[in-house]
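Student: Could you take me through one helix pair in this model, and then show me how the rest of the chain fits around the topic of packing?

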Amino acid sequence: MSTVLTPDDVGHLRTGAHFLACAIDPTAIHVYAGMIQEAMQTRSVELITVDELAPDDLVVSVGMVTQGLFISDMPPVGDEFTGCIEAIETRLGRRVRAIYSLAAANINGIIPLMVGLQSSLPVVDSDPMGRVFPLISQTTLTIGGVAIAPIALMGATGERAVVEAGDPQRAETLVRALVTELGGWAATVMYPCSARQLAEHGVHGSISRMIHIGEILEAETSAESKFLSLSELLGVTRIARGRVTHIEGLSRPTDLGLPAQPSSVTLEEETTGQIIRMEIQNEILLVLVDGAVAAAVPDMVTLLNSEHGSVANLDDLRVGSVVDVLKLSAAPQWYSEAGLDLAEPAAFGIPLHHPRRHHG
Amino acid sequence: MGRTMKDTRLDVAGLLAHGSLRGTTPLYLTPSSALVESVVLVSHLEAIQRVRPNTVVVLSAEMGSGGWLVSAALRHAWERRASAVVVAGSTYSSAVIGLAERLGITLLAAEGNPAGVALALAAEIGAALSVMDAELARFARAVAKDSALPDVLRTISRELDGVSVSLEHDGVVLASTGTAPRDPAKVITVDVGAADATVPSALTVRLPASSVLNLPLVRSILEVAAPSVKAAWLLGNSRDTVRAVPTAALARLSQGLGSSGKDFEEDHRHLLTQLGWRRDERYAAVWICHSGLRTPVNDLTAVLRLLWRKVSPRSPLAEVEDGWLALVPAAHQAIAAQLELRLKTRLQPSLAELGLVAGLSRWAEEAPPLPSIIQEARLAAVSARPAGQGTVLGFTGLGVTAATTFIDRDAVALVAELSLPRLMASPDREAIVAAVAAFLDHRGSVSLAAAALDVHRNTLQARLGRARELGVPLDDPSQLLSVHLLLDVLRAAAPGKQVSKGPYETRKDSHEFPV
């Protein structure tokens, strides 16, 4: 059933998108949410489910790809995404019927709303990650064998490129190189596919989930009550309530072209005294409790301020901060053998197998 | 005996002070020094999940030195009860060292390549093991010199600082030495196997909680000693077999003779003298047999002979048909009484475990013929069967009642069914059976029988009259013995058995006290 989104929904979506990616600076999400709410005064954006499209309708993902530059350092002109959609339509000789977000968190969770407002295309309540991953090849569509290319990119300079590559990892390399040349970020449109393919291989309910999370977190209730609601909605579990004891930058070597530096945060559990160690790079990749794996990618780990129940941004953590470390499972596709090959700790330079991987 | 083997053990503190860990920097040291038995150089974390306890885990340089890696390695090492974790030298956060402290595992940083530490430690452990092997060889030579089982056990115990060492069969201690600790913290057993028994026997050591012995080493010592234990046991058993030949021969010769001992001794005088039996010597016979009718398959002779040493080590136990027999010299009654006491205190629990019973002959002033005492012991043993396994019964307390043991109770009950059908069909059968049986028990005295049953004599008279009506031939003396036997069996089989006082007990309020 299609829904016309309201400015309140956008506010909730902003909070939900931050909750699912607490390791990333939320400034850009806030800037975009403000712009979308402003634009909604004169235009509307429609959220639809993938089933509402004809099976052969062409759908594309929209998302920002960044390479070490904050978007606010070089603001977009505004026509980047529509330019990319035109390029894909020209390349494929077909009209795009709907768009979907490249990721279900952070800035890419909210960008489709802006693009929907600009293009009047409906936004599908699905995505190919069910969370956010740093690499564009780390998608359930890749697991399902859906082609990533052709990929259209456009930067603030107005320059535009279409990348043709069969292999998702090779496409990743080419896109990263182009993004650097385009100034550090680029608007992209990729994974052009049929609605049937998206229905089959995507993760569904992504946008509405973020809105629900925002509703819970912005409610005037206690932190514990928010946790219980999240637990009911998403199956969130609390790994620990800990006090930060140590923050370490550049805590691991990295050579995989991942767009961020590794760091670590150590906490001490408030009641048990357990030592909680979080390994971070773009996101919280690994949580060790007294050295034992308590969560590892593709599990999602996020932090809540234990006093107010608000999202605790990783950049704002200081020694002495007390936070709840929460864990939620990713989409089931990520725990398949192919899913773990793409997104378990080893894919992020941590030579560990995910506990759910079947050995032998 | 030379120095004990515990000296060869390596521990973290010793290796740090003057061994191959000397070149490492302790990031955290546990308060008590852990034992070191092996070393593993790992290149991936999963390998730590397979290390044995008391292993030093060395993380190879290729694994890196990240805090998370050391944290995860500490955790795995802790789960496997490793002795210490050695990592490449680097700057480690207080959180990592804090985790080592929290888990209680020593964390060391290697100055150079950690592989060098692993190699040096491996060489040192190898050298210690070779010393251990030399010590084991010395012990093997020492224990091989002992030919008697108690000596073998004593040698093992001495090597292990006097701890309790025992040879056990299916939970029964056959032989032991040393002091058993009140709180055995660790029990180590090594299978000895037995000559021809299906249930294996085990050499067992019980270590006190305070013991500082190295457990794998204790096991090695037991394994080295096991062949000597088995050999000594077999040797002892074969010597006993030889010594028991006169007993076995006597049992064989007297088989089927009943109690006609005098003629037997006359007939076989020469042979008995040759076997070493003396006519004027008095003996007590002990017969051991299975408590059930069916004989278990495993042969217990070797096991029983070890147990028998606790009772009478000088008199050999012979394996005879349907059991085991020993003839123990008993010149005085006190010796026979002491033998019975020993049987009950030292052997009875083991007999119960093994499903056996034992019978003992009487002691008499006049030296009874040997076949008689053998038969007495056998009858006592067979009579002990209904009382359950482990029962030790003397013929003295049995006498003629032994005869009842040999009654086929099922057949007698069948005779009752056929010959006394009206009694058997009567609803008040139980009361009548009890009344008549008590009457016969008391030699036909109505008063004594009534007192024994705690009923009035008129009641008893009425029940005896009823018995006659139902066809019990109470008035024919020639049938009385059979009637008594039948009723005794029926009384024993009755579900609500009436408690009857013995023939020499009466009610206190009775006027008819026997004098």
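Tutor: Happy to! In this predicted model, helix α16 (residues 429-441) of chain B packs against helix α19 (residues 477-493) of chain B at an angle of about 130°, and their axes lie 9 Å apart. Because angles over 145 degrees would count as roughly antiparallel and 65 to 115 as roughly perpendicular, α16(B) is oblique to α19(B). The crossing of the two helices is left-handed.

Now for the residues at the contact. From α16(B) come V433(B), A434(B), V436(B), A437(B) and L440(B), and they meet L480(B), H484(B), L487(B), D488(B), L490(B) and R491(B) of α19(B). Sorted by class, this contact has eight nonpolar residues, one polar and two charged.

Nonpolar packing can also be followed elsewhere. The largest nonpolar core has 166 residues, and those with the most contacts inside it are V287(A), V57(B), L74(B) and V85(B). Its largest share, eight residues, is supplied by α2(B). Take V85(B): leaving aside residues up to four places away in sequence, V85(B) touches V57(B), L59(B), A73(B), L74(B), A77(B), I105(B) and L107(B). A second, separate core of 77 residues includes L167(B), A232(B), W324(B) and L379(B).

Helix α2 also appears where the chains meet. There, 17 residues of chain B are in contact with 18 residues of chain A. On the chain B side, the elements giving two or more residues are α2 (67-79) and α3 (94-103). That side of chain B divides into seven nonpolar, eight polar and two charged residues.

Note on methods: Residues are numbered from 1 along each chain as its sequence is written. Chains are lettered from A and ligands numbered from 1 in the order in which they are written. This is a predicted model: local features need pLDDT of at least 70, side-chain atom pairs count only at pLDDT 80 or more; totals for chains, interfaces and linings use all residues. Two residues are in contact if their C-beta atoms, placed from the backbone, lie within 7 Å. Helices (H or I, at least four residues) and strands (E, at least two) are DSSP runs, numbered from the N terminus. Ala, Val, Leu, Ile, Met, Phe, Trp, Tyr, Cys and Pro count as nonpolar, Asp, Glu, Lys and Arg as charged, and the others, Gly among them, as polar. A nonpolar core is a set of buried Ala, Val, Leu, Ile, Met, Phe, Trp, Tyr and Cys residues joined through C-beta atoms within 7 Å. A residue is buried if 20 or more other C-beta atoms lie within 10 Å of its own, exposed if 12 or fewer, and partly exposed in between; C-beta atoms are placed from the backbone. Axes are lines fitted to C-alpha atoms, for helices over the stretch in contact, and angles run from 0 to 180 degrees between N-to-C directions. Angles under 35 degrees count as roughly parallel, over 145 as roughly antiparallel, 65 to 115 as roughly perpendicular and the rest as oblique. A crossing is left-handed if the near helix is turned anticlockwise from the far one by less than a right angle, and right-handed if clockwise.
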